[in-house]
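Got your viewer open? Load the model, switch to cartoon, and keep the selection box handy for the stops below.

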Amino acid sequence: MADPTLVSVLLAAIAGLAVSVGIERLMTPKPSLLRPLGCWVLHAGLWLLAYGPLVLVLGRPWFAATGVSAFMLMLVLVNNAKVRVLREPFVFQDYEYFTDAIRHPRLYIPFLGWGKALVATLGFLLAVAVGLGLEAVPADRFVMSGQLGGVAGVLATGVLLLSVGSRQHLSVSFQPDGDLVALGFLASLWRYAAEGRQRPAAASPFDFLVPVADTANLPHLVAVQSESFFDPRALYSGIRPDVLAEFDRLKISSITHGGLSVPAWGANTVRTEFAFLSGLDDAMLGAHRFNPYQAVAAGWDVPSLASFLKRLGYRTVCIHPYPASFYQRDRVYPRLGFDEFLDIRAFAGAERFGPYVSDAAVATKISDVLEKSSCPVFVFAITMENHGPLHLEKANACDMADFYAVTPPTGFDDLTIYLRHLRNADRMISSLEEAMSRCERRAGLCWFGDHVPIMPFVYDALGAPGGATDFLFFSNDIECNTEQMHLSAHQLAIHWLRAMKLIGDH
């Protein structure tokens, strides 16, 4: 007769696998049950390889099965929250956000919900207490005829299933919604992880650009990636037209302006950031489109706008009023060709507007760099003021008069808070224009938004925007022709260099 402790390991594994299928049915979008056999093989193999080691450590198979199930449920809840606010399922490349959520909880946990996070934490602690109290550890659990033999069988089966499933070469489209439905949750995570181990083969256009012959009078260049910047006036007609008065005014005297297609919606700033700096379409990046900085930090050397300008004789400076380690920028930016990175430490005592360093303080820092530079300088600034979660701030009566010609419906506080910060971004544009007018050297500005803001309740009422942001090019010495065009983020820098006459038309 089989040892009861061995049987317990196997029964808990079977029950846990069955529960995992039920948990997966809670997902949005819902994975298909009619997926290829290889997907189910990967699903089972991954679950068993999470369960087996936990039994080995804890000695409690039912508690281990519950723990693995709870972790999978947490991933499903995170997925559903991400779909709700970002319109994209959870992918393997999002793993970095778990450590970021611990270091920067304000940026992430509110989107899941503080209440849900608290309930999940209390539920986990209760499950631990109950599990440890109700299930005893066998005295002879390291006997091969008992629990240890069951664990060995589980691990061997998991390894075999994972090996077989990995050889199926299940295709992925890198469209997360479709891949999740077609492959299932665990199999899609595994395939994205496998694809992420391949270094991108895409060639940056900055590796082939030829500068114009005359580089004796290089202009200062300032690029501002303005957090969540887009024109919301088409979203709600009751917004006062003058909320972007300076942006409207500068468009009239700009070299070029228009809409900008970006590879991010609501968040994932680095996707737009990398597209601008590298000139690479995210469709060329495979699994790395979701967080290209992971590949750069791991050793992928990709030519960039910064490295190209550095070869021309520019000093290259990045300004971002947040910790340099966020998104591994402290490791990534030197590899992209930046000489200096001014992060939150450079803003000690700086003005804040809301929870973050103000756009006005960033404009002042850019002006200081321009004034103190004896050689041509390229400044790339990534603002932070308009970063959400917007719903953690409060609107007031004055905001209604300042931003609306028609009072918005109840529940539009996110939009009101967004407009409050958008007005400051608009003022930053004017401040930079003034700073550039004081430069003895000619200077050019590239201004663009990284993605639309997260405002789910507003979008539920009004309809979600398509996701495009806005951009403009301005120079203190080039006559405007007010050309209007629609660009993609990866095209932006090349068009800017051409507008500033640093490269030719071809």
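Before selecting anything, take in how the chain folds back on itself: among contacts between residues at least 6 apart in sequence, 78% join residues at least 24 apart. Keep in mind that this is a predicted model.

**The whole view**

Stay zoomed out and colour by secondary structure. You should find 19 helices and eleven strands. The C-alpha trace spans about 90 × 55 × 45 Å along its principal axes. Now switch on the surface: the accessible area is about 21200 Å², and carbon and sulfur atoms own 62% of it. Of the 506 residues, 55% count as buried.

Colouring by charge brings up 40 positive and 47 negative side chains. The centres of those two sets sit 5 Å apart.

**Stop 1: the salt-bridge network**

Side chains of opposite charge can pair when their charged atoms come close. A search of the whole structure turns up 21 salt bridges. Select R271 and E88 and show them as sticks: their side chains form one of these bridges, at 2.9 Å from N to O. R271 belongs to helix α11 (residues 269–278), while E88 is in the loop between α3 (61–86) and α4 (96–103), so the pair ties together distant parts of the chain, 183 residues apart.

Are these two partners buried or exposed? R271 is buried, with a relative accessible area of 7%, and E88 is buried too, at 12%. Now add K82 and D94 to the selection, and you have a network of salt bridges linking K82, E88, D94 and R271.

**Stop 2: two more bridges**

Jump to D231 and R233. They form a salt bridge whose closest N and O atoms are 2.8 Å apart. The two ends fall in separate accessibility classes: D231 is partly exposed at 21%, whereas R233 is buried at 18%. The cut-off for buried is under 20%, so the two values fall on either side of it.

Next, pick D248 and K251, whose side chains meet in a salt bridge at 3.8 Å, N to O. Both residues lie in helix α10, three residues apart, which is about one turn of the helix. D248 is partly exposed, with a relative accessible area of 23%.

**Stop 3: a buried glutamine**

Select Q294 in helix α12 (residues 292–297). Which residues does Q294 touch, leaving aside its neighbours within four places in sequence? Expand the selection and look for Q93, Y95, E96 and Q328. Q294 itself is buried, with a relative accessible area of 13%.

**Stop 4: backbone oddities**

Time to hide the side chains and look at torsions. Most residues other than glycine have a negative phi, and most peptide bonds are trans. Here are four places that go the other way.

- T28–P29: a cis peptide bond joins this pair, with omega about -5 degrees. P29 is in the loop between α1 (4–24) and α2 (37–58).
- G388–P389: another cis peptide bond, with omega about 0 degrees. Look for P389 in the loop between β7 (377–382) and α16 (397–403).
- S228: phi is positive, about 60 degrees, although this residue is not a glycine. S228 sits in the loop between β1 (220–226) and α10 (245–252).
- K501: phi is near 65 degrees, again positive in a residue other than glycine. K501 is in the segment after α19 (489–499).

Put the surface back on and compare the last two. S228 counts as buried at 3% relative accessibility, whereas K501 counts as exposed at 53%.

**Stop 5: the cysteines**

Last selection: the cysteines, with sulfurs as spheres. How many disulfides does the structure hold? The number is zero. Centre on C446, which is in no disulfide; its nearest cysteine sulfur, that of C318, is 14 Å away. A disulfide needs two sulfur atoms within 2.5 Å, so that distance rules out a bond here.

C446 is buried, with a relative accessible area of 0%. Move on to C398 for the contrast: at 55% relative accessibility, C398 counts as exposed.

Conventions. Residues numbered from 1 in each chain as written. Predicted model: local features only at pLDDT ≥ 70, side-chain atom pairs only at ≥ 80, totals over all residues. Heavy atoms only, no water. Helix = DSSP H or I, 4+ residues; strand = E, 2+ residues; numbered from the N terminus. Buried < 20%, exposed > 50% of the residue type's maximum accessible area, 1.4 Å probe, protein only. Contact = heavy atoms within 4.5 Å. Salt bridge = Lys/Arg side-chain N within 4 Å of Asp/Glu carboxyl O. Areas by Shrake-Rupley, 256 points an atom, 1.4 Å probe, with all protein chains shown as cover. Lys, Arg positive; Asp, Glu negative; His and termini not counted. Charge placed at Lys NZ, Arg CZ, Asp CG, Glu CD.
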